[in-house]
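Here is a short briefing on the structure shown below. It covers one chain's architecture, an annotated domain and a chain-chain interface.

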Amino acid sequence: MRKFFLTVLLVSLFAVFGFSNTLVIKGSNTLLDVAQLWVEEFSKMNPGIKITLEGAGSSTGIAALFNGTTDIANSSRWLKDSEVQKMLELKKWFAPVLVAWDGIAIVVHKNLPINNITIDQLRDIYTGKITRWNQLNPNLPNAEIVPFSRNTASGTFEVFKEKVLGDEKMSPRVRMLESSMAELETVAKTPYSIAYFGVGYVDQSVKVISVNGVMPTKQNILSYKYPLSRPLFVFVDVTKGWPEEGPIADFLRFIVSKRGQELVEKAGFVAALGQ
Amino acid sequence: MHREIKDKTRKALMGISSITAIAALFGIYYYLVKESLPAIRSVGAELFLSDQWYPVWEPAEFGMRALIINSIIVTALGTLIVVPIAYFMAIYLHGFASKKEKSVIRRLIEYLSGIPSVIIAFVFLTYLSPVFPKLGIYSPQNLLLALIGLFFLTIPISTVLILESLDNVPRELEEASAALGALPLKTYTRITTKAALPGVLNAIVLTANRIVGETIVVLLLGGGAAMVPRKLTDPMKTLTAAIASEMPEAARFSLHYSALFFAGLVLIIFSTIFELTSVALLRRSRK
């Protein structure tokens with residue numbers, strides 16, 4: 001009987017300590033690929049830390065930081081005014097860590113004979129003023145434009161809205177998809193389609209076009225020549241001070257380290273530090 | 001004496017469960033109304049009258065007309081197509097299939113009805129959705145694809161429910177009808193169906209409720225465009241899809257959050273209307 005109780009006690013202690021070494025990361029779908037690489041490598045170096053990773057949109061990650069249901073919020077955008085206001089009301093403080101640079105790539109179906117688009121044309125497409133490709137240019141096919149967008153929880157959506165749409169509203173014709181990967185796959189299969197997502201998601205199955213004559217190359221993104229360049233962040237709650245030790249601190253140190261930033265480049269984004 | 005105590009305990013337990021169920025229902029209604037009130041007060045009739053669903057814009061707009069109409073379209077079309085198919089499948093299994101055939105098919109249908117909707121949505125998204133652009137249809141996710149997904153999801157459960165009610169009709173009734181010279185099909189569609197009407201109506205209501213409440217299939221296959229489709233191949237978004245995709249980002253107690261609760265309230269009102277209609281139809285059929 002004594003042995004039994006001792007075992008139960010040991011198991012409970014292990015469970016308690018085991019669970020205290022956890023790390024929850026939620027947020028940006030754009031950063032999901034990079035975060036997966038970080039988590040894989042970090043887990044190898046720290047096998048005792050149990051990490052949960054979820055990509056459901058930057059807004060979801062920041063909302064989780066408010067609720068205390070995540071340790072780290074990945075975000076492909078800066079905080080919204082409403083979020084800063086909420087921080088002031090709740091007396092919570094979130095600190096950003098710049099982890100990468102990205103360009104929102106404008107992609108079309110591979111067979112579409114278009115190589116460049118202007119911000120004004122993009123706005124006309126996404127607000128529904130232009131609905132056929134030949135309205136953009138008579139040499140383009142007389143076919144309906146099929147526009148895709150990330151859903152409203154996405155940070156990419158927020159940046160696109162701010163940089164392209166301004167005060168204008170997105171047409172209800174625009175199909176909202178749940179992830180960048182879903183956009184990539186759908187554009188690859190859908191003639192006459194157009195979509196936007198982080199440059200890290202681009203592959204051979206779609207065609208990237210230049211915006212205002214500028215391609216989203218590493219140099220153009222870093223120099224901000226590419227009009228849809230943006231920084232990518234992770235946010236942490238520092239209400240009780242900056243994490244000096246423990247899983248959050250270790251993870252943050254890792255992602256800004258040389259190796260962490262190499263993984264950013266591996267995922268197709270531009271490293272924020274040490275390059 | 002001992003038996004009496006047992007009986008009383010049983011009755012008390014049953015009473016508690018019924019009261020709990022009723023309380024839960026009222027609780028859901030109470031919270032839906034409570035959380036919807038800010039949106040109702042602030043947006044008013046525009047919630048129903050406007051198509052402008054711009055919850056994250058400045059200024060935000062919360063016109064749900066398109067979302068509500070889309071939910072009605074999906075439910076009406078879905079139920080109108082699913083129920084007859086399920087009914088004739090059930091008639092076949094009830095009266096025409098051999099015992100072995102019936103048992104195998106029934107097992108299979110029961111198994112199909114238990115498949116999670118997300119699996120159906122994923123399979124259709126991966127294999128059927130890319131077919132549309134090849135046929136010259138612009139939108140790979142659309143109303144038609146969502147309906148096809150819903151058919152696969154609801155036909156099995158609807159068939160099982162209708163079959164169950166047909167099987168519960170006493171055999172004597174059918175034998176009497178046959179003895180009077182009625183052909184089997186006529187017996188099953190007229191006599192058996194009439195006798196099984198409460199169960200069949202119940203199956204129709206449950207099917208409609210399942211369709212109106214279905215989320216993942218319409219979210220992944222519907223195309224996510226907050227507009228009323230002009231044709232079957234246009235993309236669309238329903239109330240459930242809006243709730244599922246937007247609730248995680250809607251700040252608690254914001255107007256967006258409240259508007260999504262209002263969408264939930266509209267959905268539960270739909271379910272109540274279906275239920276009351278079926279009760280009314282049953283009463284009429286009994287007269």
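UniProt positions are given in the numbering used here, feature names are shortened, and annotations may be inferred rather than shown by experiment. With that in mind, an unreviewed UniProt entry lists "domain: ABC transmembrane type-1" for residues 68-278 of chain B. The model is predicted.

**Annotated domain in chain B**
- Residues 68-278 of chain B are 76% helix and 0% strand.
- The end C-alpha atoms of this stretch lie 21 Å apart.

**Fold of chain A**
- Chain A mixes both element types, with 11 helices and 11 strands.
- Its C-alpha atoms fill a box of roughly 85 × 40 × 40 Å along the principal axes.
- Chain A has 275 residues, and 51% of them are buried.
- Take the contacts in chain A between residues at least 6 apart in sequence: 74% of these join residues at least 24 apart.

**Surface and charge of chain A**
- The exposed area of chain A is about 12,500 Å².
- Carbon and sulfur atoms supply 57% of that area.
- Chain A carries 30 positive and 26 negative charges.
- The mean positions of the two sets of charges are 3 Å apart.

**Interface of chains A and B**
- The size of an interface is often given as the accessible area lost when the parts come together.
- Chain A and chain B bury about 2,200 Å² between them.
- Of this buried area, 59% is on carbon and sulfur atoms.
- A:Lys169, A:Pro172 and A:Arg175 supply 26% of the area that chain A buries against chain B, more than any other three residues.
- In terms of contacts, 32 residues of chain A meet 23 residues of chain B.

Terms used. Residues numbered from 1 in each chain as written. Chains lettered and ligands numbered in written order. Predicted model: local features only at pLDDT ≥ 70, side-chain atom pairs only at ≥ 80, totals over all residues. Heavy atoms only, no water. Helix = DSSP H or I, 4+ residues; strand = E, 2+ residues; numbered from the N terminus. Buried < 20%, exposed > 50% of the residue type's maximum accessible area, 1.4 Å probe, protein only. Contact = heavy atoms within 4.5 Å. Areas by Shrake-Rupley, 256 points an atom, 1.4 Å probe, with all protein chains shown as cover. Lys, Arg positive; Asp, Glu negative; His and termini not counted. Charge placed at Lys NZ, Arg CZ, Asp CG, Glu CD. Buried area = accessible area lost by both parts, 1.4 Å probe.
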